[in-house]
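Thanks, everyone; I would like to take a few minutes on the interior of this model, starting with empty space and then turning to packing. Please keep the structure open while I talk.

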Amino acid sequence: MLKSAVAGLSRVANTLAIATNAMGTLVVLALVILLNADVIARGVFSSPIRGTYEMVQFSVVLIVFLQLADVVRVDRLTRSDGFLNLMHSRRPGLTANIRRIINAISAIFMALIAYVTFPEFLHMWDTNDYFGVPGLFTLPWWPVKLVITVGSALACLIFVLKVVTAQDRPQLIRTPEHDEPPT
């Protein structure tokens, strides 16, 4: 019963992580279009697009937190685990436990980020706070706080699922440096 519940929750979390990653990719695409349009507007019309700087700041935070959960899901979060990879062949049980501890600590940090930013989101929603230059270009703060909260909460959930399900050893993917001649 518990195993099927964890598997179902894992499927939902993985699906959400993939969906938020896709949204982050769309934000990257929109940012590329915006920057290219701004360069063209500056060069051809000598008139930059208003708010480009603010939209870039806005977008970078969105990209990071929209894609964070999927990066955690596929074990591509930047970290140094060379020592654990070396230790795995000699002490696989100890290595697995250390990885679970690291994942648990990571879940705690992600939960703390979500816990701190959720009240900030609610405050920004209520007060309609904006950033930017008033009269020139402004954007509301609440979407940024919402994405930080949701992204870190989803990353926390995935870390917790990794601890519970003991998914502790990422599969090492090796790509050939050059094509091998057929034998």
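The cavity search on this predicted model returns 1 cavity of 30 Å³ or more, and the space in the largest cavity comes to about 50 Å³. If you would like to find it on your screens, the residues lining the largest cavity are V71, V72, D75, L77, R79, N103, F159 and K162. In terms of chemistry, that lining is made up of 4 nonpolar, 1 polar and 3 charged residues, and at least two of its residues come from each of helix 2, spanning 52-73, and helix 5, spanning 142-165.

Let me move on to the nonpolar packing. The largest nonpolar core contains 28 residues, and the ones with the most contacts inside it are F58, L62, L68, V72, M110, L154 and I158. Two or more residues of this core are given by each of helix 1, helix 2, helix 4 (92-127), strand 2 (137-140) and helix 5, with helix 5 giving the most, namely 9 residues. V72, then, is named both in the cavity lining and among those core residues with the most contacts.

I will finish with L154, which, if we set aside neighbours within four places in sequence, is in contact with A13, L16, A17, T20 and A69. One of these, T20, sits in helix 1, residues 2-45, and, with the same neighbours set aside, T20 is in contact with L66 and L154. Is T20 buried or exposed? T20 has a relative accessible area of 12%, and because the cut-off for buried is under 20%, T20 counts as buried.

Notes: Residues numbered from 1 in each chain as written. Predicted model: local features only at pLDDT ≥ 70, side-chain atom pairs only at ≥ 80, totals over all residues. Heavy atoms only, no water. Helix = DSSP H or I, 4+ residues; strand = E, 2+ residues; numbered from the N terminus. Buried < 20%, exposed > 50% of the residue type's maximum accessible area, 1.4 Å probe, protein only. Contact = heavy atoms within 4.5 Å. 1 Å grid on protein atoms, 1.4 Å probe; cavity = no way out; pocket = protein on both sides within 12 Å on 5 of 7 lines; lining within 4 Å. Points joined across faces, edges and corners; volume = space filled by probe spheres on them. Nonpolar A, V, L, I, M, F, W, Y, C, P; charged D, E, K, R; others polar. Core = buried A, V, L, I, M, F, W, Y, C linked by side-chain atoms within 4.5 Å.
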